[in-house]
Amino acid sequence: MYRALREAVAAALREALASQGYPTDDLGLEEPPEDVDAALASSVAFRLASAAGAPPPQVAAELADALDPAAIDYVAAVETQGPYLNFLPSERYFAGTLEAAAESAYGTLPARDTSVVVEHTSANPTGPVHVGRARNPIIGDALARVLSMAGYDVETHYYVNDAGRQLAVFTWAYETFEAADLPEPEREKPDYDLVRYYRKGNAFLEEGDPDAVEAAEDEIQAIMQGLEAGDEATYERVSEVVDTVLEGMRESLRRLPAEFDRFVKETEFIRDGSTEDVVERLKALDAAVYEEEAWQLDLPGIDKNLVFLRSDGTSLYATRDVAHHEWKLANFDRAVTVLGEDHGLQAEQVRTTLELLGHDTDRLDQVLYSYVNLPEGKMSTRRGTGIDLDDLLDEAEARARAEVEDRLGDRVRDDDLGEADVERIARQVGIGAVRYDIVAKQPTKAITFEWERALDFEAQSAPYVQYVHARACGIVDEASAAGHAVPDAGAVDAALLDHPAERDLLRTIARFPAVIEEAADALQPHVVATYTRAIAEDFNAFYRECPVLDADPDRRQARLALVVAARHTVANALDALGIEAPDSM
């Protein structure tokens, strides 16, 4: 309803501005403050004051007189508040919101004829996913979900670095060292098993006998050359390592959850000849120079050259990424890549290179993020060199389980919870807490993850929002047990929902589709997280002030319909963030 009201108000306001001889390019539409009963406000009078030669409140009053509320869909009245125009919603607005949110898919926008590939995570397959990189799959997966809810045809990709020196070192080490000479793996997972070889190999290259290291370097170089030449045997050797490590990494990422439609390997763009083609076209550019025994691009406006071919004829990651992006542009309408802030320069180099090659880079978007830190001393690993994502998620589930068990006596419902239920809730709450705490911040802001904040059931956290969904489910279950069936939203009298807390909740529910639209347009899933806190607060105010089951029959049915609308909205908002909505807590 909010999107429909906004469209109607925008059309009416443009007409009113034109009738008064004012420009119509900037309407100043915005969400009003919490203490204003309007569904929408306009600050356009500020912009027009100079041209009108009158103070903003006078301009606002003039425009209000030119607007006919009866002719604006879903608007009951237009009022001025100083320089602001406030558009008050009609009863039809509230009834329409209640009916729309009765649908389980509420918030999903109509399909758009636009395909989007979202590439995220893409961590090098050299070992377990580190917690510092956890922000990438969480933001990337949430972004893909938001875009999908906004109607886009979305594919999620993981770009696998299987052609660089690191993987050549890994392959050499795996084929060189014996498992018996390595420490025990920290977990029974493929990535933890194989990372021991990688660490052993790097230690050997740093500290080994110089002659042996030289021989090893020759082997590593041969692997890189074999990959560049498209040698099938070399590719299979490297793939054995890469695919095994990826299997373990995928298992960890599924816990978040972060799933991928496709794993795209760098070597695909070597094997199909597209990297070689890119190299030849780059060499022909005016910006191409051969310096320091390598082919480079002297890119306009960028201080550091892009090196795209070594003197030994091997390409670099950036070269293959240019080919990769050309493939994206050929197969999708838009391409969105989620990258750590340390990859900002490389992203800029690739974009500029694509422009030099004649591509429309307006179809490319990068979402850069800062890394996740943990407070000193809060967690440690047996290795002592860092914290893996698995460590964080294990700790999250354990802490959530303790919190859930402590709160069992204060639950909304009296139904018995078995061990499997407690385990399920602990997983939903624990993983949800990690995910929410990370996605709720603007990507460019640094994060220090703190358990006390993330698992606070009373503060603005995932459990706080999840508890609202569980409470709504509990109300509906209690109503059903008492013989009160959930009503058809179209059959109840929405005008009975006239308490301020009910109206506030309805206004917030009405905004949800527009929130999804805003988050998708801005590529900022944290906008949805901010919204979930608002609806949780409004629902809790409604729960405190408006009894549902003890109300008179007609009002009870209307309030039950409102509870269902809120339940759908909260569930879908959490789903857009990749967070489960527990039915009980």
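**View 1. Two buried aromatic residues, Phe-449 and Trp-451.** Both Phe-449 and Trp-451 are buried in this model, which is a predicted one. Ring aromatics pair repeatedly here, and the structure holds 22 aromatic pairs. One of these pairs joins Tyr-106 and Phe-512, whose ring centres lie 6.0 Å apart and whose planes stand at 50 degrees, so the pair is tilted. The pair formed by Phe-449 and Trp-451 is edge-to-face, with 4.8 Å from centre to centre and 90 degrees between the planes.

**View 2. The setting of the pair Tyr-106 and Phe-512.** The rings of Tyr-106 and Phe-512 form a tilted pair, because their planes are at 50 degrees with the centres 6.0 Å apart. Tyr-106 belongs to the loop between helix 4 (91-100) and strand 5 (115-119), while Phe-512 belongs to helix 18 (residues 500-522), so the pair ties together parts that are 406 residues apart in sequence. Tyr-106 is buried, and Phe-512 is buried as well.

**View 3. The packing of helix 4 and helix 18.** Two packed helices are described by the angle between their axes and by the distance between the axes. For helix 4 and helix 18, the angle is about 65 degrees and the axes are 9 Å apart. The two helices, helix 4 and helix 18, are therefore roughly perpendicular to each other, and their crossing is left-handed.

**View 4. Arginines over aromatic rings, and an aromatic cluster.** Arg-503 lies over the face of Phe-94, at 4.1 Å from the ring centre. In another such arrangement, the charged end of Arg-471 sits over the ring of Tyr-543, 4.2 Å from the centre of that ring. Five aromatic residues can be examined as a group, since Tyr-159, Phe-269, Tyr-317, Trp-327 and Phe-332 form one aromatic cluster.

**View 5. The open sheet of strands 8, 9 and 10.** Three strands make up an open sheet in the order 8-9-10, and their pairing is antiparallel. At its edges are strand 8 (288-291) and strand 10 (306-310), each of which pairs on one side only. With direction ignored, neighbouring strands of this sheet are turned by 30 degrees against each other on average. Strand 8 pairs with strand 9 (residues 294-297) in the antiparallel sense over four bridges; among the residues facing one another, Ala-288 stands opposite Leu-297 in strand 9, and Tyr-290 has Trp-295 of strand 9 as its bridge partner. Strand 8 and strand 9 form a hairpin with two residues between them, and Glu-292 in the turn has a positive phi of about 50 degrees.

**View 6. The open sheet of strands 1 to 4.** Four strands form this open sheet in the order 1-2-4-3, with antiparallel pairing. Strand 1 (29-30) and strand 3 (75-81) stand at the edges with a single partner strand each, so one side of each is left without a neighbour in the sheet. Within the sheet, strand 2 (residues 40-42) and strand 4 (residues 84-89) pair in the antiparallel sense over three bridges, and the bridge partner of Ser-42 in strand 4 is Leu-85.

Definitions and conventions
Residues numbered from 1 in each chain as written. Predicted model: local features only at pLDDT ≥ 70, side-chain atom pairs only at ≥ 80, totals over all residues. Heavy atoms only, no water. Pairing = 2+ DSSP bridges. Axes fitted to C-alpha atoms, helices over the stretch in contact; angles between N-to-C directions. Phe/Tyr/Trp six-rings, centres within 6.5 Å; stacked < 30°, edge-to-face > 60°. Buried < 20%, exposed > 50% of the residue type's maximum accessible area, 1.4 Å probe, protein only. Lys NZ or Arg CZ within 6 Å of the ring centre and 35° of its normal. Parallel < 35°, antiparallel > 145°, perpendicular 65-115°, else oblique. Left-handed = near helix turned anticlockwise from the far one by under 90°.
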